[in-house]
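Grab the viewer and work through these exercises at your own pace. Each one has a task and then a step-by-step solution.

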Amino acid sequence: MTIYELGKILFNYIKEHWEDVLNRNIRELEQLFPEYEDATYGLYLDKLIPPFWKIIKENGYRSAEKTKQADFIIGECLNFRNSLEKAKWGTPHHEKRVFWIVIENQYKDVIGTLLFELSHSHIKFNLPSPPRILPLKEIKREEIINKIILLQEKFS
């Protein structure tokens, strides 16, 4: 599978499940938000992402990057170190954080990068739009960051 085919599968998974996971957990997440603030979104992602990450692993794909001891991993695959959030990409009611995962196949060939965008509020627990998956051919950190900035500034 190419990164684009993998991205399409994950896009469909997110489209079908994000709202159901949110609705099943909304009360708990709203109650936790005053204490945990942004970390509450990590708790949501811990519920949403593991099933689709399992699909990736079962098909022989994984993150090409090795996890370091100090890394903060969300949903089994999103490394906080590999994410960006900029105030100018939104408002306090509709911020965007973009994570990236460089993907390799079972032969350790790097096939591309998956971007995972989470729109969220810093005021209260709220997902103003569905999470998004976007596949990229870029695999180097600097190229990925430049592409994220370009995409966000283009669509913000």
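**Exercise 1. In this predicted model, work out how many residues of strand β5 (residues 95-104) are buried, and on which faces.**

Step 1. Go along β5 residue by residue: ten of its ten residues are buried, so the strand is mostly covered.

Step 2. Split the strand into its two sides. One side carries Glu95, Arg97, Phe99, Ile101 and Ile103, and the other has Lys96, Val98, Trp100, Val102 and Glu104.

Step 3. Check each side: the residues on both are all buried, charged names such as Glu95 and Lys96 included.

**Exercise 2. Find out which strands pair with β5, and in what sense.**

Step 1. Start with β1 (residues 62-63), which pairs with β5 in the antiparallel sense over two bridges. To see this pairing in the viewer, look for serine 63, which stands opposite isoleucine 103 of β5.

Step 2. Move on to β4 (residues 83-85): three bridges tie β4 to β5, again in the antiparallel sense. Here serine 83 has phenylalanine 99 of β5 as its bridge partner.

Step 3. Finish with β6 (residues 110-120), which runs antiparallel to β5 and is joined to it by ten bridges. Threonine 113 in β6 is the residue opposite valine 102.

**Exercise 3. Which residue in the hairpin of β5 and β6 takes a positive phi, and is it buried or exposed?**

Step 1. Look at the link between the two strands, which has five residues.

Step 2. Pick out lysine 108, whose phi is positive, at about 65°, although lysine 108 is not a glycine.

Step 3. Now test the accessibility. Exposed needs over 50% relative accessible area, and lysine 108 has 55%, so it counts as exposed.

**Exercise 4. Compare the end-to-end span of α1 (3-36) and of α2 (39-58) with the value expected at 1.5 Å a residue.**

Step 1. Take α1. With 34 residues, a straight helix would reach 50 Å, but the end C-alpha atoms of α1 are only 34 Å apart.

Step 2. Look for a bend in α1: there is a kink of about 65° centred on asparagine 25.

Step 3. Take α2. Its 20 residues should span 28 Å, and the end C-alpha atoms are 28 Å apart, so the two values agree.

Step 4. Don't skip the bend check for α2, though. A kink of about 40° lies at isoleucine 49, shortly before proline 50.

Step 5. Look at what comes after each helix. Just after α1, glutamate 37 has a positive phi of about 50°, and this residue is not a glycine. Glutamate 37 lies in the loop between α1 and α2. After α2 comes glycine 60, with a positive phi near 90°.

**Exercise 5. Which residues of α1 are buried, and what covers them?**

Step 1. List buried positions in α1: among them are Ile3, Leu6, Gly7, Leu10, Tyr13 and Ile14. Further along, Trp18, Val21, Leu22, Asn25, Leu29 and Phe33 are buried too.

Step 2. Recall the helix geometry: an α-helix has 3.6 residues a turn, so residues three or four places apart point the same way.

Step 3. Look for the cover. It includes α2, β5, β6 and β7 (132-136).

Step 4. Contrast a residue in α1 that is not on that list: aspartate 20 is partly exposed, at 39% relative accessible area. The C-alpha atoms of aspartate 20 and leucine 48 are 9.3 Å apart, with their positions 28 residues apart along the chain. Leucine 48 is itself one of the buried residues of α2.

**Exercise 6. Describe the chain as a whole: what is its pattern of helices and strands, and what is its radius of gyration?**

Step 1. Count the elements: three helices and seven strands.

Step 2. Read them in sequence order, which gives α-α-β-β-β-β-β-β-β-α. The radius of gyration is 15 Å, close to the 15 Å that the globule rule gives for 156 residues, so the chain is as compact as a globular protein of that length.

Step 3. Add the contacts and burial. Among contacts between residues at least 6 apart in sequence, 60% join residues at least 24 apart, and 44% of the 156 residues count as buried.

Step 4. Close with the surface: the chain exposes about 9000 Å², and carbon and sulfur atoms supply 52% of that area.

Methods
Residues numbered from 1 in each chain as written. Predicted model: local features only at pLDDT ≥ 70, side-chain atom pairs only at ≥ 80, totals over all residues. Heavy atoms only, no water. Buried < 20%, exposed > 50% of the residue type's maximum accessible area, 1.4 Å probe, protein only. Helix = DSSP H or I, 4+ residues; strand = E, 2+ residues; numbered from the N terminus. Pairing = 2+ DSSP bridges. Expected span 1.5 Å × (residues − 1). Bend = angle between axes of the 7 residues up to and from the residue. Rg over C-alpha atoms; globule rule 2.2 N^0.38 Å. Contact = heavy atoms within 4.5 Å. Areas by Shrake-Rupley, 256 points an atom, 1.4 Å probe, with all protein chains shown as cover.
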